[in-house]
Amino acid sequence: VLGCSEDVPRLVATMAVVNLNMPAYTASINETNSMLPSLEHIHSSKRGKNERNGLHIWHPYYAGYSEQFVRDVIKELASTNDVILDPWNGSGTTTVVAQQMGYRSIGVEINPVMVIHARAKTIIPAERHAELRERTRRIVQAATRYSTVIPVENDEIYQYIGINALQPLLSLKATILRSRPLNISHSSLGITKRDVLIHQKYHHPITSFFLSAVFQCLRKIGNFHHGSNPTWLLKRENLFHGEKTEVLVLFQEQVQRMLKDLSDQEFHREFAHPPLILEGNVKILPLSDSCIDLIITSPPYCTRIDYIIPTKPELVLLGAEKHYLEDLRRSTMGAPVIVKRNYNYRNNWGSTCLDFLAAVEIHPSKASRSYYLPVLLQYFDDAFSALVEMKRVLKPGGHAILVVQSSYYKEIEILLGQIYKEMAQALDLYASIARREVVRQHMAHLNKKSRRYVSDKVYHEDVILIYKPYRGCK
Ligand SMILES: C[S@@+](CC[C@H](N)C(=O)[O-])C[C@H]1O[C@@H](n2cnc3c(N)ncnc32)[C@H](O)[C@@H]1O
């Protein structure tokens, strides 16, 4: 176990018992794939209007599925002591719902900002009321005295927020982190920025809770807004010129609002298991083999969405430098950056994926071969590696649920659900499309250029159900 928290080995150790008495599937792979249950009856994975407030608006994140969907999947597929994993945990919908329902859960996510928000959501205010109140008071008191402007590595942030607001936010960050001191120094260990981010004690939920409050103040004060492409940040005028005390008051109000949002959650069962949220890469999950009963997740789609740029202000506030941001983007699946040019097609990606890539390779449009093909190859290589890891950590008899959307390259439809299904089958997992829904509001609708090739594009959201058999099916 390579986990960043001492909780991991203990947790994983308790998961190691595999129930060998469960019946094995004996049918052929095709028969068994069609035997997997349909999930047509469960709630839509699309978020409703009531999921655009409370916990759901702590962060600038448009991705995410509905809580009711996760609840229905857990009711359908989980047993009492199961451990649930989301390896693309994002804003933490899976881990939030698993906690509410009393299940043990683990979230893995590459973006440290989303890790902090998701960890912050694991706090149960009723259990920590006095501690949180006292800590808030001490943080504000210390930040009031702290007046040095700490240089931020990426000067650009000044243009969005202005020095008057930045200075108190940096003071808050420093006092929050100082209350749990670091034993690591950059130079003495010769570690990179990335290692520092990982090793700093962000992983304590209380630290994450206060950092999440600082991030939310940053959003309220800063002049960030999204253009028609939701991943890009635009600059606006009118920077904050208020006093430091205004920022500190805002922070206290934000803490109160977050505590209310957390208290408003309904817990249905005894919740002895706060989720474990880890910063990590789905391609090298920090978990031992066969320790997970159920995966509920949604990977980045094949739409070249950048998940890092929208959280750039928070990352810069944490101390991220340019090269760190670039590294992070390159490790993030689906990002519009070419990591390397020499990916090879793998036969076991399945015929739908290979036919699609062949069509892109001969497409007459500009940059199809030089830019889009390497980016797409990279995406499918990552998708396949992620499935290999999911198979490794799943217990025999365990299930995985993946929510994916189809999209288009020019006029060619990318049947992403079918592609993930075929990839899983190539790994000797049973897989089926258990639910399909036509999606009306798709990000591509915002982009006029993407409509140029096919005027009536239809998009599907597929729920892929995967089952890991007790023994190989071939
Ligand atoms: C579709 S979103 C998941 C949304 C999530 N279900 C929710 O409710 O918020 C995909 C997530 O995968 C994360 N991600 C991208 N590449 C990753 C990688 N290599 N390892 C782990 N997480 C990654 C992105 O940062 C993003 O948060």
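## Helix packing and salt bridges: worked exercises

Helices α16 (residues 368-393) and α17 (residues 416-426) pack with their axes 10 Å apart, at an angle of about 50°. Helices here are DSSP runs (H or I, at least four residues), numbered from the N terminus. A quick heads-up: this is a predicted model, where local features need pLDDT of at least 70 and side-chain atom pairs count only at pLDDT 80 or more, while totals for chains, interfaces and linings use all residues. Residues are numbered from 1 along each chain as its sequence is written, and side-chain values use heavy atoms, with hydrogens and water left out.

**Exercise 1.** Work out how the α16–α17 pair is classed, and what its contact is made of.

*Solution.*

1. Take the angle of about 50° between the two helices. Axes are lines fitted to C-alpha atoms over the stretch in contact, and angles run from 0 to 180 degrees between N-to-C directions.
2. Apply the bins: under 35 degrees is roughly parallel, over 145 roughly antiparallel, 65 to 115 roughly perpendicular, and the rest oblique. That angle therefore makes α16 oblique to α17.
3. Now find the contact (heavy atoms within 4.5 Å). From α16 come Y379, F380, A383, F384 and L387, which meet L416, I419, Y420, M423 and A424 of α17.
4. Sort those residues by class: 10 are nonpolar, with no polar and no charged ones. Nonpolar here covers Ala, Val, Leu, Ile, Met, Phe, Trp, Tyr, Cys and Pro; Asp, Glu, Lys and Arg are charged, and the others, Gly among them, polar.

**Exercise 2.** Take three salt bridges and sort out how buried their partners are.

*Solution.*

1. Set the rule: a side-chain nitrogen of Lys or Arg within 4 Å of a carboxyl oxygen of Asp or Glu. The count comes to 18 salt bridges.
2. Set the burial bins: buried is under 20% relative accessible area, exposed is over 50%, and partly exposed is in between (1.4 Å probe, protein chains only).
3. Start with E389 and R392, whose closest N and O atoms are 2.7 Å apart. They sit three residues apart in α16, about one helical turn. E389 is buried at 10%, whereas R392 is partly exposed at 26%.
4. Next, E131 pairs with R128 at 3.0 Å. Both lie in helix α6 (residues 125-145), three residues apart. E131 is partly exposed at 30%, and R128 is partly exposed at 28%.
5. Last, E437 and R435 meet at 3.0 Å, N to O. E437 is partly exposed at 21%, but R435 is buried at 10%.
6. Finally, look for shared partners: R128, E131 and R135 join into one salt-bridge network.
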